[in-house]
Amino acid sequence: MAYVQGQTGEWEMVIGLEVHAQVTSQAKLFSGASAAFGGAPNAHVSLVDAGFPGMLPVINKYCVEQAVRTGLGLKAQINLTSVFDRKNYFYADLPNGYQISQFTQPIVGKGEIILDLEGGKSRTVGITRLHLEQDAGKSMHDQSPTETFVDLNRAGVALMEVVSEPDMRSGEEAAAYLKKLRAIVRYLGSCDGNMEEGSMRCDVNISMRRVGVETLGTRCEIKNVNSIRFVMQAIDYEAQRQVEILEGGGEIKQETRLWDTGKGITRAMRSKEEAHDYRYFPDPDLLPLVLDAAWVEDIKKTLPELPDEKKQRFISQYGLTDYDASVLVAEKASADFFETVAKGRDGKLAANWLTSELFGALNKMGKSIEESPISGAALGGLIELISNDTISGRIAKDVFAEMLASGKPAAQIVEEKGLRQVTDMGAIGAEIDKILAANADKVAEYRAGKDKLFGFFVGQVMKATGGKLNPAMLNDTLKEKLKG
Amino acid sequence: MTDLTDLSMTQALAGLAKKEFTATELTDRYIKASIKGQAATNAYITTTFDAAREAAKASDERRAAGHAGTMDGIPIAMKDLYCTKGVQTTAASKILEGFVPTYESTVSQKLADAGCITLGKANLDEFAMGSSNTTSAYGNVVSPWSGEDPANAARKLVPGGSSGGSAAAVAGRMALAATGTDTGGSIRQPAAITGIVGIKPTYGRCSRFGIIAYASSLDQAGAMTRTVADAALMLREMAGHDPKDSTSLNLPVPDFTQALGQSVKGLRIGIPREYRIDGIPAEIDTIWGKGAQMLREAGAEVVDITLPHTKYALPTYYIIAPAEASSNLARYDGVRFGLRETGDSLTEMYENTRGSGFGVEVRRRILMGTYVLSAGYYDAYYKKAQRVRRLIRQDFIGAFEKCDVILTPSAPSTAFAIGENEDDPIKMYLEDVFTVTLNLAGLPGIVVPMQLCANGLPMGMQLIGKPFDEMTLFKAAAALESAAGYNAKPPFVG
């Protein structure tokens, strides 16, 4: 557990996250307007989104389905009856003067997320709820020196707000939570999880308490932290800030704070006293949302295999380590890639090549797994050549580099460059004899007890043969021959 | 030949069908009446006579071609709460002055599809908040009943509200029928005190799409006509499920005109004792008794019923309606449409715009609504009001085990003078005492004109039906109408 060291002792962080995940959907939550990212300002706005007189919201069933799928993915309770409420406040980019959200009766209740932590450890974080709500528009303050412009393209886009229990104890855990949540929604396809484009946004609730204390301290909420890295930074900064105040005999003010990316600090936005009174009440334009239990069951049946299940399967089916399995399932694309590579082949070997070689190479090139120049099938071809002793692991690295550069299949490269491993005992013996003959003095030293020279002979033979000899066979034969 | 404006809608449709006159002639006659009547009553905020003449011509062509709609050629007034494509729609508020929708409300579209011709946008209380049509930013509506009778000669009377312009237009022969909306009695109270028929159907019967919202869980469109038969026909055309309104009922719309003329023999008419309240003129009580007697004589059975939570209806209404209004009217912020007053900050712009755009009554209700929804007050007011609302609905469900239709007064007095109830908002709110219960319970109600009172002013009675049972309601209403034989005409007619 990562405690914060203060002047007077150790402190524990208590962290809860509220994540706004934009539902991947063609249309908005209550209108038929496009929910696509980008577009000229106000190009994706219907009369409903713009709050024109007499306009009424009509729920988008697809968005409801995505919320239910996500709820099921979080192993959460699906509330067959939920209610949409109006959250009232005035702002120029909130056309109706209220946001349609879910307050007392959300569509999804309690669930959980299992965090994959360093060293293969895991930890369960409770999900308090998931509810559906509309996004607001965007105020643009940089278009005119005297006026603010409003872009309503985002107004009315469906968001799922996922609220966690205050179960996290470090920035790393918060990061692991976000990564896992992102993986789950991406597996489900209910949200693209893209924090840069704002389709996943995070508010952090954090308070501090002395180690061993059970009660919760006063918390601050940090708004709109838009990357996992910033979440960790904001948490560390805020933890220090709170500890300094508490150790100095001060009290934490319950307030909303803003993460200042430029300065790397959090600063007060509004205090509890200045907080809006949202005057929630059930939206009379919408009937309670009543789901058919059978419909929910049908959705459940069509859920894809999710990261946790996939990880367990990778461990049992392919014999992977917990760590490798975690790394591979973190992104659905890598998991899928892995399975293409590993299918009918040595799973462990496939995992090693993927996590150490391919991921490393992609990282260097700044490419994602989807953009990999080597396909899953092609890497599988390489693994096969290693497994059936056509090439050695060492040669395989050269072949891999060549595959990256040329895009040619492994087998072709091996043939063209004559890299096929020599397994002919006679040929190996002949190569060894040549080296031993040329280094008679070293042979004598070895036989006199200088064991370390064994590596020298191996190196010489490999050098002479371009590394094509089967290493195990070379070792065995060399040992035999050096005995004299 | 009788004046065309004396014909009911049903009679006019028959005349049009028999080619006794054309839609153009009928429309021209009503335009003439509207011009004359407008000067006396201010029933319209916007008139659309040119478009009406065009529409009449098209109607005549359709009829000549043999495919006339069910209401083809009928000139109507459209309450200015219905958004109409290309025609200014104000909700009688300054904040929407000059607002021209690019869209049409579902109900007005349905009426247009049936062949109705819109003469103009009828005046109303601002955002439908009022019972006298004196809160309109476009001037008061004066009842066509003001004037000639010595008792009322010196006084300008209210037409009721909020659908005051609609009521004045229909009663004053300036339109054959009009649309209204009813949130707490806004169709029925003006109908009652101007001597016309007004129906508020079951909540959800008519789409609310494109109708400017006052209190969404209570608002319902309805018809204002001169006869029950006209109301049945018009409501049939207005009603129906609309996928654009999630609260509209997905039920087939029966042909309400089939209910007309059916016997009420054996029908059980409930008389709720709680509607006998202090301070109501004895005459209204007498007319109520007469109405019950008429239905009894027509073969119905009159039974006493109880609606114990009636006395909580007004306070409940004046919590729920303003609460919803405070939220519904938040969109009028000067940012996207309607009035914008500038300011040095966003907040100042809001304050200036809303301060000058909204009238006193609207501001009062926004303040009340904001208050009852505030943290710390929500449970005591809004939540409690919702609970009482359920009790009121249960009262009716219980009562309807004993009866099929309920008969009650519709307004606590005949028309009052403009300015009379202005000093005391609570007194004005009492105008809705017999009507709000239906909105809270979502029930259909119809007002049928009964007779002129001693002061020469009309008074109607209200019939309340079971949810979705407008058929029985129309059956009873037609019987009452036939027995009452009301045929009074106001002093001012267009």
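**View 1. A salt bridge within helix α7 of chain A.** In this predicted model, D336(A) and K332(A) both sit in helix α7 (residues 332-342) of chain A. Four residues separate them, about one turn of the helix. Their side chains form a salt bridge, with the closest N and O atoms 3.1 Å apart. Are the two partners buried or exposed? D336(A) is partly exposed, at 32% relative accessibility. K332(A) is also partly exposed, at 30%.

**View 2. A salt bridge between K75(A) and E309(A)**. The closest N and O atoms of this pair are 3.3 Å apart. The pair links distant parts of the chain, 234 residues apart. K75(A) lies in the loop between α1 (61-73) and β3 (81-82) of chain A. E309(A) belongs to helix α5 (residues 307-318) of chain A. K75(A) has a relative accessibility of 45% and counts as partly exposed. E309(A) is partly exposed as well, with a relative accessible area of 33%.

**View 3. A salt bridge between R236(B) and D255(B)**. The side chains meet at 2.9 Å, N to O. R236(B) lies in helix α7 (residues 228-238) of chain B, and D255(B) in the loop between α7 and β7 (268-272) of chain B, so the pair ties together parts that are 19 residues apart in sequence. R236(B) is partly exposed, at 21% relative accessibility. The limit for buried is under 20%, so R236(B) does not count as buried. D255(B), at 26%, is partly exposed too.

**View 4. A network of salt bridges with residues from chains A and B**. Which residues are linked here? From chain A come R86(A), D283(A) and D285(A). From chain B come R208(B) and D245(B). For the wider setting, a search of the whole structure finds 56 salt bridges over all chains.

**View 5. D60(B), a buried residue with no salt bridge**. D60(B) is found in helix α3 (residues 49-64) of chain B. The nearest side chain of opposite charge is that of R63(B), 5.6 Å away. A salt bridge needs the two atoms within 4 Å, so this pair does not form one. What does the side chain of D60(B) join instead? A polar contact of 2.6 Å joins the side chain of D60(B) to that of T24(B). Leaving aside neighbours within four places in sequence, D60(B) is in contact with T22(B), A23(B) and T24(B). T24(B) thus appears in both the polar contact and the list of contacts.

Key. Residues are numbered from 1 along each chain as its sequence is written. Chains are lettered from A and ligands numbered from 1 in the order in which they are written. This is a predicted model: local features need pLDDT of at least 70, side-chain atom pairs count only at pLDDT 80 or more; totals for chains, interfaces and linings use all residues. Side-chain values use heavy atoms; hydrogens and water are left out. Helices (H or I, at least four residues) and strands (E, at least two) are DSSP runs, numbered from the N terminus. Buried means under 20% relative accessible area, exposed over 50%, partly exposed in between (1.4 Å probe, protein chains only). Lys and Arg count as positive and Asp and Glu as negative; His and the chain ends are not counted. A polar contact is a pair of N or O atoms within 3.5 Å; within protein, one must be able to donate a hydrogen and the other to accept it, and residues adjacent in sequence count only if both atoms are side-chain atoms. Contact means heavy atoms within 4.5 Å.
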